[in-house]
Amino acid sequence: MSQFKFNIDDLRVQFPALAKTVNGHPAAFLDGPGGTQVPIRVVNKISDYLYYHNANHDGAFATSQESDKLYWEAREAYADFFNCSPEEVAFGANSSSNNFRLAFGLLRTILEPGDEVLITDIDHEGNRSPWRTLEDFGVIVKSAAVDPETCTLKMDDFAAKLSDKTKIVAVNWASNGCGTITDVKKCIDLAHEKGAVTVIDAVHYAPHRWIDVKAIGTDILFCSSYKFFGPHLGVIYVKKELGDKLKAVRVMAGDNTDMPWKLETGTPAFELACGAAEAVEFIAEIGKQHEQFFTAELGGLSGRRRNIVAGMMAIDAYEEPIAKKLRTQLPTIKGLKVYGPPEGHPRTSTVTFAIDGVHASEIGKFLGQKGLFVWDGDYYAIQLINHVLGLEKEGGLVRIGLAPYNTEEEIDRLIAAMQEFASNREGR
């Protein structure tokens with residue numbers, strides 16, 4: 001990758017929200033991990049469906065047939081996003097809802113009292129709570145530990161907690177609480193040695209890195225399109241061999257008992273699927289504009305899959321230097337600690353921090369008044385932030401999450417604002 005240059009100006013004009021101001025300050029949307037802003041083309045795609053194709057499923061008339069075609073094309077878009085077949089892609093209200101239905105489907109299919117599920121302390125509750133609810137049915141849930149100093153999964157503890165009774169292993173690929181990227185391929189391989197089904201939470205990973213479900217070998221993976229420029233919709237990949245056996249949690253009547261329809265309940269949100277697919281096309285367009293920088297890495301890829309991978313590579317290449325600037329300069333502020341893995345360890349462009357003796361919400365409010373939109377709290381990474389790191393009384397962490405529409409100038413503003421915050425605090 002030589003002389004990489006990201007087309008930031010061309011990208012930013014596609015997001016009307018970026019024109020917003022707060023107290024005379026231009027808004028800097030650094031809240032990406034909670035959900036990115038949405039480009040015009042995604043909204044237009046949703047509107048087009050509702051204006052011209054809106055109908056229910058499987059009718060003998062034009063708009064119903066158009067609706068079904070568009071919905072299948074959305075599956076095809078995510079098949080290219082995941083590197084799987086369209087029959088392995090399903091949509092649902094959100095990732096937590098998808099995961100709860102999955103958990104109860106697997107309870108009906110492969111789990112018995114005394115069987116074990118292994119989760120981790122680094123996961124979002126969306127990949128912990130669904131499995132923990134199965135304890136009410138006699139399932140034993142174990143959780144692999146996290147090193148509080150490095151915010152990384154303790155792989156020796158993970159391996160030690162696997163057993164011949166382990167039937168399901170649920171691990172996130174990237175932590176929404178500290179940005180740590182976990183070696184899920186290693187986790188999957190260890191789980192498969194025990195015959196366990198693997199579930200990968202890619203909600204925080206998907207906005208930053210490209211996904212290949214075949215390369216990592218997982219049985220199940222889920223993400224949310226609103227984390228990468230789409231509407232509020234959950235997307236799930238289930239390997240067809242497993243999905244065919246799954247006793248789904250859904251209406252028991254009707255014809256849609258095969259993959260992938262068996263994974264969905266009720267009338268689909270056709271318009272949101274169209275928007276979610278357009279978000280993938282948006283990423284593919286980024287790839288078209290930047291693929292010349294990644295020709296060696298793209299290998300034999302072609303078509304939309306090639307463009308998607310190139311797009312994610314371009315997003316990562318743009319975000320990482322800005323994130324590194326944050327990770328380098330924020331700790332120079334007295335009392336401020338950045339949480340996350342050591343430099344060199346895989347991580348996303350999300351940066352989280354705390355200041356000794358300061359409630360995280362105080363910082364969030366201060367930055368918000370300056371048009372710097374960041375999150376504070378535990379972001380449902382409750383086990384990690386409140387218990388492993390012990391930051392509940394301090395209000396958790398402040399989280400800065402980059403998206404490809406963010407600029408280095410916005411990061412400079414944030415660093416200057418934090419220096420002002422620290423200076424004001426010292427002057428009290």
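How many bridges pair E13 with strand E14 (residues 350-355), and in which sense? Four bridges join E13 and E14, and the sense is antiparallel. Strands here are DSSP runs (E, at least two residues), helices are runs of H or I with at least four residues, and both are numbered from the N terminus; two strands count as paired if DSSP finds at least two bridges between them. The model is a predicted one, in which local features need pLDDT of at least 70 and side-chain atom pairs count only at pLDDT 80 or more, while totals for chains, interfaces and linings use all residues. Residues are numbered from 1 along each chain as its sequence is written, and side-chain values use heavy atoms, with hydrogens and water left out.

The pairing of E13 and E14 belongs to an open, antiparallel sheet of four strands, ordered E13-E14-E17-E16. Its edges are E13 (336-339) and E16 (375-377), each of which pairs on one side only. On average, neighbouring strands of this sheet are turned by 30° against each other, direction ignored; axes are lines fitted to C-alpha atoms, for helices over the stretch in contact, and angles run from 0 to 180 degrees between N-to-C directions. Helix H15 (residues 408-426) packs on this sheet, where it touches E13, E14 and E17 (397-401), and its direction makes about 5° with that of E14. Contact means heavy atoms within 4.5 Å. Within the E13-E14 pair, Tyr 339 has Thr 352 of E14 as its bridge partner.

A second open sheet holds seven strands in the order E4-E12-E11-E10-E9-E5-E6, with mixed pairing. Here E4 and E6 (140-144) are the edge strands, each pairing on one side only, and neighbouring strands are turned by 20° against each other on average, direction ignored. Strand E12 (residues 234-238) is antiparallel to E4 (residues 89-92), with four bridges between them, and pairs with E11 (residues 220-224) over five bridges, also in the antiparallel sense. Val 235 of E12 is the bridge partner of Phe 91 and of Cys 223, whereas Ile 236 is the partner of Phe 222.

All five residues of E12 are buried, that is, under 20% relative accessible area (over 50% is exposed and values in between are partly exposed; 1.4 Å probe, protein chains only). Gly 234, Ile 236 and Val 238 point one way from the strand, and Val 235 and Tyr 237 point the other way. Helix H4 (residues 95-109) lies across E4, E9 (166-172), E10 (197-201), E11 and E12, at about 155° to E11. Helix H7 (residues 184-193) lies across E9 and E10, at about 160° to E10.

Tyr 78 offers a link to this region from helix H3 (residues 62-82). Its relative accessible area is 0%, so Tyr 78 is buried. Among the residues that Tyr 78 touches, not counting those up to four places away in sequence, are Val 89, Phe 91, Val 235 and Ala 276.

Turning to open space, the lining of the largest pocket comprises 34 residues, with Pro 33, His 124, Val 203, Tyr 226 and Lys 227 nearest its centre. H4 and E11 are the elements that give two or more residues to this lining.

Note on methods:
1 Å grid on protein atoms, 1.4 Å probe; cavity = no way out; pocket = protein on both sides within 12 Å on 5 of 7 lines; lining within 4 Å.
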